[in-house]
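Hi,

Here is the structure I said I would pass on. Have a look at it first, and then read my notes underneath.

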Amino acid sequence: MDFHSVEQAFEEAVAEGVFPGAVVLIGREGEVVYERAFGWRSLAPAKTVMRPEVIFDLASLTKPLATATAIMVLVRDGKIRIDDRVTRFLPTFGVFGKSPVTIRHLLTHTSGLAAWRPFYQEIAKPAKAESIGSPRAKNHILSRVHREKLVNAPGTRTVYSDLGFMVLGEIVELVGGCALDRFCDDHIFKPLGLRSTSFFELSKLRARTMDSGGDLIAPTEDCPWRKKILYGEVHDDNAYAMGGVAGHAGLFSSAADIHRLLGCLDRCRNGKDDFLPRGLVEQFLSKDMTVPDSTWALGWDTPSPENSSAGSRFSPRSVGHLGFTGPSVWWDIEKSCHVILLNNRVHPTRRNEKIKAFRPRIHDLIMEAVKP
């Protein structure tokens, strides 16, 4: 396999400011066939070199890698069912016509909930600054989601929704009997040996009972309202206000750990690992046909027919997801090949959107090199 064109594209991307730096890991049939770091881990306050083991703020990759996987664990253990109504667990959620919404609707972004709301602004007012990241702030935001009115009827339209995954995180905590970060640690990350994967809970960082990662974490934005470069602290504003642990964002991880998690899911899907039932994993990784023309599986996306960030060479039997801070995962199940692209394109500013054109191009170059 010749990765010269891939390496050239990454070097050009660093030079052109697509991102400060990146880590790419390519897996094929369960093995790492290519892994390399490019560019810079940070540009400010000082330039530091990117390394393959660097940990990134995964943003919305939290949804499939943590929250959807946690839901699978609860289904495996017989504690929930995919088509259970949300009100079975959260009765107050059912107001304003939301009683028909199911866990499946939340996983497939077909619940009818809005895409996003700036709830953090209500918490970040000067008079309430002390409540940022507190249980009170988290409960306030979740209660606001419960009182949301739907933008369309459940199961009729796809609207990618952070709000829906906030609710899924809440369900995991309620049914699992502990905080989302602890549930994922105890039931997913530790059992699978994922040593670089965790949420950074804000109160523990403040109390210094949790290490922010030293020079192993890629910083993100020079945040205009937090007035600092974010480093080991979740970039997503609502997740930050909720304490750094939420169903839609907050997970940090490395390329190697994501590769291990995908490998486990693939072995389960092939009946070679009993961590999760084979049929359950297959169900989560298959496109949900509830809403016509939807690209969504359960917690995972699939390539859109045109202009997919996966490029043009991933088969329709692929799943993936993007994160606002820059990272992405695309996994071609048919070809047994995955590409993990981690970068911090929002460092030092989120106004940099060059990643949108780079993703499909680099995925095409990688698939041409790998020829799965």
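Below is what turned up, going from the pocket and cavities to helix packing and then to some backbone details. Please keep in mind that this is a predicted model.

**The pocket**

Let me start with the open space. The largest pocket has a volume of about 750 Å³. Its lining takes in 33 residues, and those closest to the pocket centre are S60, Y160, L322, G323 and F324. If you want to find the lining by element, three of them each supply at least two residues: α9 (237–241), β9 (318–322) and α12 (355–370). Of these, α12 gives the most, with three residues. As for chemistry, the lining of the largest pocket splits into 10 nonpolar, 13 polar and 10 charged residues.

**The cavities**

How many cavities of 30 Å³ or more does the structure hold? There are three. I will go through two of them here.

The largest cavity comes to about 80 Å³. Its lining is made up of G27, R28, E29, G30, H259, L262, G263, D266, W331, S336, C337 and H338. At least two of the lining residues come from each of β1 (21–28), α10 (255–269) and β11 (337–343), and α10 has the largest share with four. By class, the lining of the largest cavity has three nonpolar, six polar and three charged residues.

The second largest cavity holds about 50 Å³ of space. Around the second largest cavity you will find L58, L65, F189, L194, T197, L251, S253, D257, I258 and L261. Here β8 (251–253) and α10 each supply at least two residues, and α10 again has the largest share, this time three residues. So α10 is worth colouring in your viewer, because it appears in the linings of both cavities. The class split for the second largest cavity is seven nonpolar, two polar and one charged.**Helix packing**

Helix pairs are described by the angle between their axes and the distance between those axes. Two of the contacts involve helix α2 (residues 62–76).

What is the angle between α2 and helix α6 (residues 162–176)? They pack at about 40°, and their axes are 10 Å apart. That angle makes α2 oblique to α6. The crossing of α2 past α6 is left-handed. On the α2 side the contact is made by K63, T67, A70, I71 and L74, and on the α6 side by D162, F165, L168, G169, V172, V175 and G176. This contact of α2 with α6 has seven nonpolar, three polar and two charged residues.

The other partner is helix α7 (residues 180–189), which packs with α2 at an angle of about 65°, with the axes 10 Å apart. That makes α2 roughly perpendicular to α7. The crossing of α2 past α7 is also left-handed. From α2, the residues A66, T67, T69, A70, V73 and L74 meet L180, F183, C184, H187, I188 and F189 of α7. The contact of α2 with α7 divides into nine nonpolar, three polar and no charged residues. T67, A70 and L74 are on the α2 side of the contact with α6, and T67, A70 and L74 also meet α7. You may recognise F189 too: F189 is in the contact with α2 and in the lining of the second largest cavity.

**Backbone details**

Most residues other than glycine have a negative phi, and most peptide bonds are trans. Here are some exceptions to look at.

Which peptide bonds are cis? One runs from A44 to P45, with omega near 5°, and P45 lies in the loop between β2 (31–42) and β3 (48–49). Another joins H347 and P348, with omega about 5°. P348 sits in the loop between β11 and α12.

On the phi side, F96 has a positive value, near 55°, without being a glycine. You will find F96 in the loop between α2 and α3 (103–107). S336 also has a positive phi, near 55°, and is likewise not a glycine. The loop that holds S336 runs between β10 (328–332) and β11, and S336 is one of the residues lining the largest cavity.

That is everything from my side for now.

Cheers

Key
Residues are numbered from 1 along each chain as its sequence is written. This is a predicted model: local features need pLDDT of at least 70, side-chain atom pairs count only at pLDDT 80 or more; totals for chains, interfaces and linings use all residues. Side-chain values use heavy atoms; hydrogens and water are left out. On a 1 Å grid over the protein atoms alone, a cavity is a set of points where a 1.4 Å probe fits but cannot get out, and a pocket is an open set with protein on both sides within 12 Å along at least five of seven lines; lining residues have an atom within 4 Å of a point. Grid points are joined across faces, edges and corners, and a volume is the space filled by probe spheres set on the points. Ala, Val, Leu, Ile, Met, Phe, Trp, Tyr, Cys and Pro count as nonpolar, Asp, Glu, Lys and Arg as charged, and the others, Gly among them, as polar. Axes are lines fitted to C-alpha atoms, for helices over the stretch in contact, and angles run from 0 to 180 degrees between N-to-C directions. Angles under 35 degrees count as roughly parallel, over 145 as roughly antiparallel, 65 to 115 as roughly perpendicular and the rest as oblique. A crossing is left-handed if the near helix is turned anticlockwise from the far one by less than a right angle, and right-handed if clockwise. Contact means heavy atoms within 4.5 Å.
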